[in-house]
Protein chains: 2
Amino acid sequence: MKLIIDCFGGDKSPAANIEGALLALENHADMSLVLTGDEEVIREELKKHSYDGERIEIVHAPDVITGEDKPTDAIRLKRESSMMKAISLLRTDKEIAGMVTTGATGALIAAATLRIGRIRGIRRPAFCPILPTMTGDIVGVCDSGANVDVTAEMLLQQAIIGSAYLKYAYGKDRPRVALLNIGVESEKGDNLRKEAYGLLRDCVSINFVGNMESRDLLSGKYDLVVCDGFSGNVLCKATEGTAMELLKKLKEQIYSKTKYKLGAMLQKQMFADFKDMMNYQNYGGSVLLGCEKTIVKGHGSSNATAVKVCIDQAYRMSGGAMNDEIGAALKALEPKE
Amino acid sequence: MKLIIDCFGGDKSPAANIEGALLALENHADMSLVLTGDEEVIREELKKHSYDGERIEIVHAPDVITGEDKPTDAIRLKRESSMMKAISLLRTDKEIAGMVTTGATGALIAAATLRIGRIRGIRRPAFCPILPTMTGDIVGVCDSGANVDVTAEMLLQQAIIGSAYLKYAYGKDRPRVALLNIGVESEKGDNLRKEAYGLLRDCVSINFVGNMESRDLLSGKYDLVVCDGFSGNVLCKATEGTAMELLKKLKEQIYSKTKYKLGAMLQKQMFADFKDMMNYQNYGGSVLLGCEKTIVKGHGSSNATAVKVCIDQAYRMSGGAMNDEIGAALKALEPKE
């Protein structure tokens, strides 16, 4: 199994990406990695660690894509960037099964859509981030922003690729799939939701359990939520944002009075556990599903552990079985002759 | 000022609605109220309180609309319900300026849309709930679910009616209006968002400050967020749901160990303040804006205080000045001759 790691573009790049890559390498004896980025800088960074040099390859890419680059410009003008080099090798090198990056999302979606082939039958790739639920489990949201305009058929495809992903990357058998809607009743929502509801209900390859209201995302009742990229983006960011704002406010309150601070000292472990549970770095990156090859997008602020988790994720998804299962599910939807 | 109160349909109806009505009556000497619902039950309930009988009128309506009633059936078959009677009087009685209900949302939207006239020029009425921010302020979300399919022009109208609402009901001068989007840059989002961005930017009657990502709803940087009813619904419910799930989880954690419980005893006042800040009952109902008359929808679980706050809200909005201001802003948008 060969994976390619974009070593630049994140807030803690390249140190975190390289350390994360070496941590992942230790975990999987049959894995080898290609690192893209400024070769000299990568070599300097590698010197700080001991590792199996036989399983590491460096591809020089002096340029870096930043959040300021327009996606279309990034593709056109920054061919020598660590991300575009990685995309280009992912496209051409048959041996490379997947890629991990912590770089700019917009440029990644644009490049992946244009350069990396889609699984046969898939209309558009979709993002699927993973969030921790309050029951200690996880929930995937597909799509979280790759496609703002979708059709009912695309929502069904997102259910299929998301289900396969949760099975192969997280060991969930027949994940419970819900459709994001403004009410739980089957007739709720606009025409898109009503049409999608029928398609999801009738698809035997997935385990559709009905509509979900956004308030229930963290309830642990669902494994995968299917939605258009606009409302999926609103859902994920509102959930994360509220959690962050609330914890910030709580901290502020605790620090406002000595009595509260004393109380918090007794709860030190509790807050540490809480923070750990809410820490996205533990749950892996957001995966761009539907492509022929694996693409994992780690958070921009990923540390070494987060990068390692992303690589582990890519490893689990890249065996071929996941895409075969998606292919079979799509084939089953084709009209019988 | 005469307002009509639907006394049934909420979880704590009619007791909470009637007590809330009498509390509001004490607050506003120039206000009189019409109560709809089963007259005998209302009279029994009124006996428990002392009040100015001259300013209370009862309109008998033996039937009640429940969450199980389909909106269209509710309008057609439950004409004798407390909500439909209230809507019908609001429509015909020139003296009645507004209405407060804690009953079913779907039936209310359908009845209000069909029976109550809109402000001249307004395409569709829109819901505007109020949420508490982490800075101790409030933020309105318009629309939160009345219209799932909208146009850019409708989003602009929502900005105008929402701004006037925040001015008259909450004393906010030139409220900061944001457009809900998947990124803050002006070119973000689908065609609807791009078109709406231009209209909002060019409208002199409102104080448009740009796009907002859902994670910033509680930041205190915005007074009003404009969005389609689908993503607005996702936004509000995700925000409320996450806050509730998080506090529930925190409570569960605290109760899991004696040490944590001891800590929480020191923080008793802090958690009480926190709960109070998050309590929607303090912030009033969700208002259906754009109608010729005021319609306030209190939460189904509203207690007497929440009902009182809703009536206070309706009182502040119903003087005529708010709708005049909306009319003027709409007129300013008309092409010059």
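Q: Which residue of chain A comes closest to the rotation axis?
A: Gly263(A), with its C-alpha at 1.9 Å from the axis. This is a predicted model, where local features need pLDDT of at least 70 and side-chain atom pairs count only at pLDDT 80 or more, while totals for chains, interfaces and linings use all residues. Residues are numbered from 1 along each chain as its sequence is written, chains are lettered from A and ligands numbered from 1 in the order in which they are written, and side-chain values use heavy atoms, with hydrogens and water left out.

Q: What turn and shift lay chain A on chain B?
A: A turn of 180 degrees and a shift of 0.0 Å along the axis, giving an RMSD of 0.0 Å. The two copies are thus related as by a two-fold rotation axis. The superposition is by least squares on the C-alpha atoms of residues with pLDDT of at least 70 in both copies.

Q: How many residues of each chain are in contact with the other?
A: 47 residues of chain A are in contact with 47 of chain B, contact being heavy atoms within 4.5 Å. The copies meet through the same surface, because 100% of the interface residues of chain A are also interface residues in chain B.

Q: What area is buried between chain A and chain B?
A: About 4,600 Å², of which carbon and sulfur atoms give 71%. Buried area here is the accessible area (1.4 Å probe) that two parts lose on being put together, summed over both.

Q: How many salt bridges are there across that interface?
A: The rule finds 2 between chain A and chain B; a salt bridge is a side-chain nitrogen of Lys or Arg within 4 Å of a carboxyl oxygen of Asp or Glu. Glu213(A) and Lys237(B) form a salt bridge with an N to O distance of 2.3 Å.

Q: Which elements give two or more residues to the side of chain A that touches chain B?
A: They are α8 (229-254), α9 (258-266) and α10 (268-278) of chain A. The largest share, 20 residues, comes from α8(A). Helices (H or I, at least four residues) and strands (E, at least two) are DSSP runs, numbered from the N terminus.

Q: New topic: how many salt bridges over all chains?
A: The search of the whole structure finds 44. The side chains of Glu57(A) and Lys2(A) make a salt bridge at 3.5 Å, N to O. Glu57(A) lies in strand β3 (residues 56-60) and Lys2(A) in strand β1 (residues 2-6) of chain A, so the pair ties together parts that are 55 residues apart in sequence.

Q: Is Lys2(A) buried or exposed?
A: Lys2(A) is buried, at 14% relative accessibility, whereas Glu57(A) is partly exposed at 38%. Buried means under 20% relative accessible area, exposed over 50%, partly exposed in between (1.4 Å probe, protein chains only).

Q: Which residues are linked in a network of salt bridges?
A: Asp137(A), Lys172(A), Arg176(A) and Asp223(A).

Q: And how many disulfides over all chains?
A: The structure holds 0, a disulfide being a pair of cysteine sulfur atoms within 2.5 Å.

Q: Why is Cys128(A) not in a bond with Cys142(A)?
A: The sulfur of Cys128(A) is 4.7 Å from that of Cys142(A), its closest cysteine sulfur, which is too far for a bond. Cys128(A) is buried, at 0% relative accessibility.

Q: What about Cys227(B)?
A: Cys227(B) is in no disulfide, and the nearest cysteine sulfur, in Cys236(B), is 6.8 Å away. Cys227(B) is buried too, with a relative accessible area of 1%.
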